[in-house]
Structure formats: C-alpha cells, structure tokens
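Hi everyone, thanks for coming. Let me put the structure up on the screen, and then we can walk through a few places in it together.

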Amino acid sequence: MDALKLGTGSTLDYEEDGYVSPNITQFIVVKFGEEQYGIDIKYVDNIIRMQRITRVPKVAPYIKGVINVRGEVLPVMSVRLKMDLEEDVETKSTRIIILKLEQHGNIGIVVDEVKEVVNLEDSQIENAYNRTKDDKLSFIYGIGKYEGGLISLLNLNAVALEKDMM
Amino acid sequence: MDVSQYLEIFIDETKEHLQNLNTQILNLEQDSENQDTINEIFRAAHSLKGMAGTMGYKRMQTLTHDMENVFSEVRNGNIKVKANMIDILFQCLDALEEYLDTIQSSADEGTNDNEPLIKALNQILNGEDGGEAPKQEESAAPAEKESAPAAAGAGEDGAKWTSIALGESETMVLGQALEQGRKVYGLTVYVEESCILKAARAFLVFKAVEELGEVLVSNPPVQEIEDEKFDFDFSIIVITDSPLDKVINAAQSVSEIHRVVGGVLNLDEVPEKEEETGAAEVTETPAAESAAAADTKPQQEPESAKKPAQTPAPVKESAPAAPAPAAKQEKKPAAGKPVVNRTVRVDIEKLDSLMNLVSELIIAKNSLVAATGSADSGAGDNSFNEEIEYLESITTNLHESVMKVRMVPIESVVQKFPRMIRDLQKKLDKKMELYLSGEETELDRTVVDEIGDPLMHLLRNAADHGLESAEKRLERGKPEVGTIRLDAYQDGNNVIIEVSDDGGGIDIEAVKQKALERGVITEDQAWNMSDKDIVNLLFLPSFSTAKKVTDVSGRGVGLDVVKSKIESLSGEVDVKTKLGEGSTWSIRLPLTLAIIQALMVIVGDEKYAIALGSIETIENITKDDIEYVQAEEVINLRGTVIPLIRLDDMLDVPKEKGDDENLVVVIVRKGEKQAGLVVDELIGQQEIVIKSLGKYINKCKFISGATILGDGEVALILDANAMI
C-alpha cells in the first residue's frame, strides 16, 4: 500500500523539539470542489489512495462502505454526502483520510484532493460566527486565514456524528 | 510501600480464595466434622487476611480476621458448626466480594465497615465461650499459636539460615553491628508450595523485613530469588533494632508464606565461605547441629542455578529434611488434591494480539493460495504447491494452539452455582439439588466471561418456575427434593450447555393465554401455532408467566435477555419441555468466535461469506421449482417446504442481469427452521478471520462482521440467523 505516512506522534513531540510553539496548530488542507477545508493533524492517522470500497447494505447513504487498512476493517464515509454536496467523483487525486476519533474509533473520509499541511497561529483562526442550525455550517468550527485564502476548519466530531440514520 | 503493581495479583488471588471458601463452606455444611475442609477454610481465610493486610485494605483485613477467628475455634473444636453460622459466613463472603468489586473498580476498598457482620461473628465466638472471652484475647490466641512453633523451631528444623556461608567482609559488618548493640537474626522463609509468583512473594518479604532493618545476606542471592531460581524456601540474615518476633511476624504477614523460621545469629557458629564454589564440603563439618538442613541446601543451590529445569528433584530431597510439625499438618489436605497445573497468567490483550497475528498469517496464506490458483497454468510448479500445503498445515496448527490457549474450562463460571442454589433453596422454601457435569468443558475465554449471567437466569428460572413446591411434588409422586442439572459437553465444533429440571414443565396453554391477553398474538395465530412456536414466545421481551413477581425471577427481563446474549455470542438457545416432567434448556455455542470456516458466494458483483456452521446443503434448482405460498417464494425440497430469500433484494445489490433459469440456493438452518438463500455464484469454502465492522457501522442486522480476503479486499459476513 503506497500510503503517505504522517507523524502519528502527538503535538507534544513537536513541542519538545521546540519545533512548534503551543499556539500553533497544524492542519491538513483538503479540497471538496473548489472549497478548502482544514483537518487538525492530531486527528489524522494516515492518508491512503482511493481503493475498492466494500458496500455495506442498509446503512446511511453517506457511509460508502468498509475498507481494509493494514488488517483493520474501517468504515469510510463521504463528507460530501454528509454535507449535502453532490456525490464524490473519483479522480486520480481522490484520497481517503483515516481519522482517529476518540468517540467513534478510526474512520476513513473521502476527499477530492489533499493539498498541503499548513501551520496556523491562533490569531489566524476566526471562530465560526454563524451559529445557525444550518447543517453545513455546524461542521465547521472556525475559519483559518492563510496566504490570502480561507480554510474552513472541520469539526470532525460533528462530521462523524450519526444523523438521519435509516 | 507501593503495592499498586500487585493489585492485579491480589484481585485474581482473592477471587480464587473466595471461590475456594465458598466451595469449602458448602462442603462444611454437608459434613461439619471434616478436618480437611476446616483446615482448608482456615488456610484460605488466613491467606486472604494476609493479602488484604499487605495491600493495606484494613476493613477487609478486619473482617477476614474475625472470620479466621471463628474458623480457628472451629478447628480447635471449641465451636460446633451450625446452620446459622454458615449463613453468616456466606454473608461475610458476599461482603468480601463487595470489597473486591469496589477495589477492582477504584483500587479502594470503600467505606463499608460491615459492622453487623463483625458483630455477628463475635457473637458466634462469645456465644460458645459463655461470653467471657473478649474479642481481643481471642484474636491474640491464634496469632501466638502460630508464632510459637515458628520460634521454637528455630535451629532445630528447617532453619536453613544457619548454613549460610559468610564472607570476611560480611562477618566484619555483622561484628560491627553487634558492637553497636544492634541485633542480628537469621530467617528461613518457606513459601507455600502452591504459590505461583514465588519471586513476588519473596520480594514482599524483603520489603517487609527491610522496613525493620537491613538484609545483609540472602541464600540464594537476591538476583537468583528475583529470577525465581529457588525452591520453596530462602534464607536471609538481617541486621535490625527490632525484636525477633516482630521481624518474623513482618515476614509472615506476606500471604502465601507458609512459615518463617528465625533465630539469633551466633557469629561463632557461622560457616565460613570458601573462595570457590565448594561450599558443600565446608558446611558439612561445622554445622553439626543443623546437619540435616545443611546437607541438602548447598548441594541443590549450584545445581538449580545451572539447570532450573531440574529443580523439582531437589524439592523432594529438601522436603523430608524439614520435618516441621506444622508443615505436616497443613500438607494433609493438599495431598488429596490433584497436582496443580503449571500455569502462567497471561494478559488477555497479549493473547488477542497473538491471535491477530495468526489471523494475518492466515490472510497472507490465503492470498498465496489465491495466487497459485490463478497462476496455475502448468504442472511444473508442484514443489511450490507442496510448500503452500505445508504452510497451510502450519497455520492451521498454529491457529489451533493459539485458540487452545484462549480456552478456559467453564468450571470458573459454574462453580458459583451450588452456592446460588443453596441460597435459592432458602429463599423459595423449596428443596432442590444441583448436579453439575462437564465442568471441564472448555470455551473461548470471552465466551466464558459472558455465559455466566444467562446460565444464572436459566437456573433461577428452573428453581423458581420449573420446580414445584414440595407438597405438590409429593402429590405428583415425585421425590420431594427437586433436581436441577447443568450439563456441558462438546459436540463437534460446538459446546452445548443444558439446564434441566424435573419440575412441572412449561404449561403451553398458560403461555398461549398469556400471549393472547398481552396481545402478542391473535386468536387466529394462536390456532395455527405449533407448541414449539408457543414455547418460543417466552423468549420475547417482557413476557413472564410467573403468576407473581418474585425476587428470584419473573420480572420479564429474563429469557429475552438470555436469548439476545447467547445470540450475540453466535449461539442459540432452545427449550424442550414436557408438562409435568420438566424442561431442558439447551445453549449451543461455537467453540471460538475469531476464525471460522465459511462458504464464499457472489451476489451481483459483491462477495459475501456465509458461516459453514449454519449451512445445511447447497441446491441447484430451476425456476420452475419455485412455488408460491401467500405470495412468498418457496421451494419444496424433498418434502420440506423452505422459504426462499433473494439475497440481491435483501441486500439491495444493484441488479445487472435478469433472472436466470437456474438458481443456486444455499440452504441455511437456524434451530429447526430453514431458509434458502439465492446466490449468483459459489466461490468455495475458505477459512476466514472475523473482523468487527466497528461500532460506527452496526446498523445492518444481516451483517455479522467482515473479513479480509486474500487480495486485501473486504467481504461481509452474512448472518443467516438474522435472515430466517
């Protein structure tokens, strides 16, 4: 499996090296369509290429199925479907990001493209001011400003949260 | 002293001792004069007390201490065993279990002093002694008795410390210590022969003694003791300011220490150390008074250090060399018991990871097999095939042995039932007897842990609903004492556990009436239902036929919980009953849950696995064979009408082609029911490793898990049980 292995150590390791000061958070920037989203790197276990996903019958539509990651069977969900965007189109740059979430265990999410890793200082992050019940917005907890662009920071627990299960 | 690292040992051992006490006190109730039983009880209580004390659980210690006092008086024949006393002792055991539960969850014993129990225990003591002996004296007496023979035994029997050879520097240190007015003692500590972690016990002894002084020399050396390279005793020389009694008691307070022999060291009598290892020759001459003890020790020490495997031999030699009266007395009950298996406690997580590795190995093997299958062009790669077959047999064997490691006898679960039945007997005021068989039947550890509650439910049911009252039994011409049986045995790849009673059996009419009353079934349905169907209604949630809700059973939360629990373990539960003669509940469980044989099938373009255990046959049928009953598809297979299930519809598989003329049907069975699963293609039989879908996806009830195929792809495992 040609996987891009990222540092799985906690941010603490970096602090010890004096590498990153505590008020800086690292994000992986991914794309859905033209929009950029940020995923806190401490939740990312692994990024793998798209592979054949085994469909699981009778589950919520946004669950694409299960895959085998190093001998573990993990669920894969479509963030696009979850956020009511149009369905994923598999391309060369499509990736599955394996997230490790305390509440739900490891979960894979499908993203259109993985762009880069950025360091954002707290001052570069603005809390999401819109507190409406709008589903799409509740998946975002803040907006990061980076080199003139905006990055929506994903609230992963909300993304993974079950809703409208069949 | 930090004892947290011993917490696990403590919990495990306390559980064992409590179980032992439960069993032995039950025995005592049957045969109140049996000295062996009383000794065994006393010993277990004593160990418990010591362990609780070492771990700093004062309340537990106090309670066990008072229990021990009672046992001690019983042992000495001062108190006779009475029913009332047995009840109180059982309550004490329950209280101890409560402490243990609290300790397990919070590492603290809680704040319950259990004063009523302690009071009751003391009343037992005082009641027999005419109230003259206050508690303190009582407790002091046995303690003195214990230490007395130990002190007296010093230098005469088993005081192997007298033969410790001292080097020049050590003699000097000792001399200085004596000049400073400190005291020097020698101790020989005997660990119980049943002790599992000798090194840990020795370590505790060292800790305890070092709190009072310093350990100068030990024989064998500390390093060897830590490596468990000693038999059942070791000797130390201690420099301290405390009196001898205190040091001996400190060492003795460690649990599983059989006895401690100690005495004041006289420098003149100490054998001198030779330069080389020829200690044996030297010790024989000067240690004249302790010749017997000195004889064996130096010989076996170098021997055992070199070849640990040979240690059992010297044990036999040294045992008669220590003819302690106390030891003989306590050995008697042990002699009758089967020899304890040599066991190692292994963390279940380690076993799990081992199991995972084996699983991966099997997956790797499967992919090799798949690779040869596809590349099997000519006959030229015979050797390659042979190698693969070899690998296959190795993985199978490895899998089997790892599985066996995880297997434990169900004994640990069923052991507690005699006690429970005894309690029920009093509570329900019925006479009953429990017969156990097949306690040695082994099941996967995870299954054994889960099976206790369902079995308890079934036994309670049998006792409460099954068995009639004594009068009724006599009326019906049955023996007054009801019989409940719990039988376990292995049947192929399954283990069957049966709970049966010779009571009234299930009143099918009553069940039917109840179901109608509750609106569970309609009149029409009731007419059409077979007796079996009606009995199965009992497994529905909130269905209890008990006329009154008792404390024991009948809250309607019993059988459906039993059923769902057993099914979660991939098992089934079934009941056979005959009105007036009793009922038999049988639980069928698979031997293991992790790796199974499965049939791989294709539906649409998806692969699915069906557990071989639930497959009856595979049939090829034509479209014309399908008949319709109430608009449902069925087939008539050799006289049996079997409903068809179209897997592609059931699993929402995208349809690509129209219906074939010929269908492949996998006939699956669940208990007595059958169904035919229509699949597109068969791949073949394969050993599969069951992986959980994780808690994130568990909504699909037809899917029991997933497995990883040889090519790394994931296939889902169909739960045939859920489809029928």
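Let's start with a little one: does Q630(B) count as exposed or buried? With 5 C-beta neighbours inside 10 Å, Q630(B) counts as exposed; the cut-offs are 12 or fewer other C-beta atoms within 10 Å for exposed, 20 or more for buried, and partly exposed in between, with C-beta atoms placed from the backbone.

Before I go on, some housekeeping. This is a predicted model, where local features need pLDDT of at least 70 and side-chain atom pairs count only at pLDDT 80 or more, while totals for chains, interfaces and linings use all residues. Residues are numbered from 1 along each chain as its sequence is written, and chains are lettered from A and ligands numbered from 1 in the order in which they are written.

Back to Q630(B), which sits in the loop between strand 15 (626-629) and strand 16 (632-637) of chain B. Strands here are DSSP runs of E with at least two residues, helices are runs of H or I with at least four, and both are numbered from the N terminus. Phi of Q630(B) is positive, near 50°, in a residue other than glycine. K58(A) also has a positive phi, near 60°. You'll find K58(A) in the loop between strand 3 (44-49) and strand 4 of chain A, and it is partly exposed, with 14 other C-beta atoms within 10 Å.

Now, the contact of the chains: 19 residues come from chain A and 21 residues from chain B. Contact means C-beta atoms, placed from the backbone, within 7 Å. On the chain A side, strand 4 (63-69), strand 5 (72-78) and strand 7 (105-111) each give two or more residues, and strand 4 gives the most, with four.

On to the core. The largest nonpolar core, a set of buried Ala, Val, Leu, Ile, Met, Phe, Trp, Tyr and Cys residues joined through C-beta atoms within 7 Å, has 79 residues. Among those with the most contacts inside it are V66(A), I97(A) and I717(B). Domain 3 (348-408) and domain 5 (595-723) of chain B both give residues to this core, so it lies between them; those bounds come from an automatic or database domain assignment. Leaving aside neighbours within four places in sequence, I717(B) is in contact with residues including A598(B), I690(B) and T707(B).

Last stop: in chain B, F417(B) and L424(B) are among the residues of helix 18 that meet helix 19, whose side includes M456(B) and R460(B).

Terms used:
Two residues are in contact if their C-beta atoms, placed from the backbone, lie within 7 Å.
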